[in-house]
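I sat down with my coffee and the viewer today to look a few things up. Here are my notes, in the order I took them.

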Amino acid sequence: MEDLKGQDIIDSGILAAQITHKQRAVKVLQEMRSCISSFLLKIAAWVMYKLLGKMLDGIEVRKDQIGTLKKIAQENVPMIYLPLHRSHLDYILVTFILFMNDLRAPLVAAGNNLMIPFLGLCLEDLVLFL
């Protein structure tokens, strides 16, 4: 392969940079990966059910939107949920609402944003449970 100046790609350092960035991307993705245990998910949902009742006045969920999600889920269409806010409660609520409506809980990419002393460890454990 040659770049615009005709230099060999290996000599120009581009190949080395590509390899370095690919390794960095793989490392970031590995840090963000998660898995869900259905047993821990049930326990976390019960705990959240008890806690949310004390923290919030209510959660409004439109039945027609849940129905649409169920219909799409039956067709095995991949879905990405993007909460609008930047708080940790958002993805916890999304997971809780989906679970309570018999929908598959999403995997949460929560890498470096959980690097908060002490609280980050608690939230990371909760994300793994949810």
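Where is Leu107 found? I keep in mind that I am reading a predicted model. I traced Leu107 to the loop between helix H5 (88–100) and helix H6 (119–129).

Next I asked myself: is Leu107 buried or exposed? I found 53% relative accessibility, and since the cut-off for exposed is over 50%, Leu107 counts as exposed. I also looked at Leu107 alongside Thr95: the two are 12 residues apart in sequence, and their C-alpha atoms are 8.8 Å apart in space.

Then I went looking for salt bridges. How many does the structure hold? I noted 1 salt bridge. I see the side chains of Arg62 and Asp64 meeting in a salt bridge, at 2.6 Å from N to O. I checked the cover on both partners: Asp64 is partly exposed at 44% relative accessible area, and Arg62 is partly exposed at 46%.

From Asp64 I moved on to helix H4, which covers residues 63–74. I read 17 Å from its first C-alpha to its last for 12 residues, close to the 16 Å expected at 1.5 Å a residue. Just after H4, I noticed that Asn76 takes a positive phi of about 55°.

Last entry: the surface. Which residues form a nonpolar patch there? I listed Phe39, Ile43, Trp46, Val47, Leu51 and Met55, with about 620 Å² of accessible area together. I placed Met55 in helix H3, residues 38–55.

Conventions. Residues are numbered from 1 along each chain as its sequence is written. This is a predicted model: local features need pLDDT of at least 70, side-chain atom pairs count only at pLDDT 80 or more; totals for chains, interfaces and linings use all residues. Side-chain values use heavy atoms; hydrogens and water are left out. Patches are made of residues with over 30% relative accessible area and no salt bridge: like charges are joined within 9 Å, nonpolar side chains (Val, Leu, Ile, Met, Phe, Trp, Tyr) within 5 Å. Accessible areas come from the Shrake-Rupley method with a 1.4 Å probe; for residues, only the protein chains shown count as cover. A salt bridge is a side-chain nitrogen of Lys or Arg within 4 Å of a carboxyl oxygen of Asp or Glu. Helices (H or I, at least four residues) and strands (E, at least two) are DSSP runs, numbered from the N terminus. The expected span of a helix is 1.5 Å times one less than its number of residues. Buried means under 20% relative accessible area, exposed over 50%, partly exposed in between (1.4 Å probe, protein chains only).
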